[in-house]
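Hi,

Here is the structure I said I'd pass on to you. Have a look at it first, and then read on for what turned up.

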Amino acid sequence: MKFKFLNVLFILAIMFISSLANAGLISRLGGLAYYDDVADLTWLADANYAKTSGYSIDGSMSWVDANSWAASLSVGGNDNWRLADTLLFDASCNTQTSGPYGSYGDWCTGSEMGSLFYTALGNVTGRATTYLDNKGPFNNIKYDSYWTATQKSSSNTLAFNMGNGSTEFHNMASHAYAWAVQSGDVAKTVPEPSTLAIFALGLIGLVSRRFKKH
């Protein structure tokens with residue numbers, strides 16, 4: 001009976017560890033941020049933290065203010081926050097739409113915000129209407145444009161629309177929302193899933209040996 005219990009415990013431990021190892025978004029800073037282990041980026045859990053923190057009345061601001069806000073952030077002892085980068089025309093963009101600032105890439109899945117929208121959250125392209133179906137663990141996501149750090153010219157830059165996953169040009173003086181991101185994992189001191197797996201399996205092995213002896 002004891003050995004059956006140990007076998008069940010062992011299987012549950014393996015299932016739990018496997019889920020950790022395959023997790024795309026991992027909680028960090030006590031749930032204040034989430035680490036994307038595929039893109040190697042850490043995003044604030046609150047997608048409108050500028051409003052939550054009182055920096056902006058509704059969270060929207062100019063591009064210059066958005067960059068200043070991100071650079072001044074200190075969350076959970078981490079102060080290396082910034083706006084996401086968006087490659088002007090990465091390989092995943094379809095440069096098919098024309099506007100006052102020229103053509104822009106509609107579905108830039110390879111950008112940092114594109115990677116979050118499409119890869120980490122699993123949203124899809126191809127709809128003309130709002131389709132942010134999956135928000136994941138994040139809160140306060142606006143169905144609107146978010147500034148990126150990528151500047152097109154002295155007057156306009158790129159913004160990513162979290163409502164439909166498109167990348168657009170915006171005048172830097174206009175208002176859009178800001179979502180802070182940080183390169184890498186903010187909690188490198190936390191054991192990796194592989195380390196946790198080795199520890200857990202070793203612990204189960206020791207318990208099993210003690211039961212056998214008795």
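Which residues are linked in a network of salt bridges? They are Arg82, Asp85 and Glu112. Before going further, keep in mind that this is a predicted model, so treat everything below as computed from predicted coordinates.

**Salt bridges**

There are three salt bridges in the structure. Two of them make up that network, with Arg82 as a partner in each. Between Arg82 and Asp85 the closest N and O atoms are 3.9 Å apart, and a salt bridge counts up to a cut-off of 4 Å. Between Glu112 and Arg82 the closest N and O atoms are 2.9 Å apart. That second pair ties together distant parts of the chain, 30 residues apart: Glu112 sits in helix H4 (residues 112-120), while Arg82 is in the loop between helix H3 (63-72) and strand E4 (95-99). The two acids sit in unlike surroundings: Glu112 counts as buried because its relative accessibility is 18% and buried means under 20%, whereas Asp85 is partly exposed at 38%.

The remaining bridge joins the side chains of Arg28 and Asp185, at 2.8 Å from N to O. Here the partners are 157 residues apart, with Arg28 in strand E1 (residues 25-28) and Asp185 in the loop between strand E9 (181-183) and helix H5 (193-213). Are these two buried or exposed? Arg28 is buried, because its relative accessibility is 10%, and Asp185 is buried as well, at 8%.

**Overall layout**

The chain has five helices and nine strands. In sequence order they read α-β-β-β-α-α-β-β-α-β-β-β-β-α. Of the 214 residues, 43% are buried. Looking at contacts with a separation of 6 or more, 56% are between residues 24 or more positions apart. The chain exposes about 11,200 Å², and carbon and sulfur atoms supply 57% of that area.

**The hairpins around E2**

Strand E2 (residues 33-36) has strand partners in E1 and E3. With E1 it pairs in the antiparallel sense over four bridges, and Leu25 has Asp36 as its bridge partner in E2. Four bridges also join E2 to strand E3 (residues 41-44), again antiparallel, and there Asp36 stands opposite Leu41. So Asp36 is a meeting point for both pairings, because it faces Leu25 and Leu41, and a strand pairs with its neighbours through backbone hydrogen bonds.Each hairpin has four residues between its strands. In the turn between E1 and E2, Leu29 takes a positive phi near 55°; in the turn between E2 and E3, Asp40 has a positive phi of about 60°. E2 is also covered on both faces: Ala33 and Tyr35 are buried on one side, and Tyr34 and Asp36 are buried on the other.

**The three-stranded sheet**

Further along, three strands form an open antiparallel sheet in the order E6-E7-E8. Strand E6 (145-151) and strand E8 (167-171) are the edge strands, each pairing on one side only. From one strand to the next, the twist averages 45°. E6 and strand E7 (residues 156-161) share four antiparallel bridges, and Ser145 stands opposite Asn161 in E7.

Two helices meet this part of the structure. H3 packs on the sheet and touches E6 and E7, with its direction at about 85° to that of E6. H4, the helix that holds Glu112, lies across E6 and E7 and runs at about 10° to E7.

**H3 and its two sides**

Which residues of H3 are buried? They are Trp63, Ala66, Trp69 and Ala70. These residues fall on the same side of H3, because they cover an arc of only 120° around the axis. The spacing makes sense for a helix: an α-helix has 3.6 residues a turn, so residues three or four places apart point the same way. The cover over the buried residues of H3 includes helix H2 (49-52), E6 and E7. On the other side of H3, Ala71 and Ser72 are exposed.

That's what I have for you. Happy browsing!

Note on methods. Residues are numbered from 1 along each chain as its sequence is written. This is a predicted model: local features need pLDDT of at least 70, side-chain atom pairs count only at pLDDT 80 or more; totals for chains, interfaces and linings use all residues. Side-chain values use heavy atoms; hydrogens and water are left out. Buried means under 20% relative accessible area, exposed over 50%, partly exposed in between (1.4 Å probe, protein chains only). Two strands pair if DSSP finds at least two bridges between them. Axes are lines fitted to C-alpha atoms, for helices over the stretch in contact, and angles run from 0 to 180 degrees between N-to-C directions. Contact means heavy atoms within 4.5 Å. Accessible areas come from the Shrake-Rupley method with a 1.4 Å probe; for residues, only the protein chains shown count as cover. The arc is that of the directions from the helix axis to the C-beta atoms.
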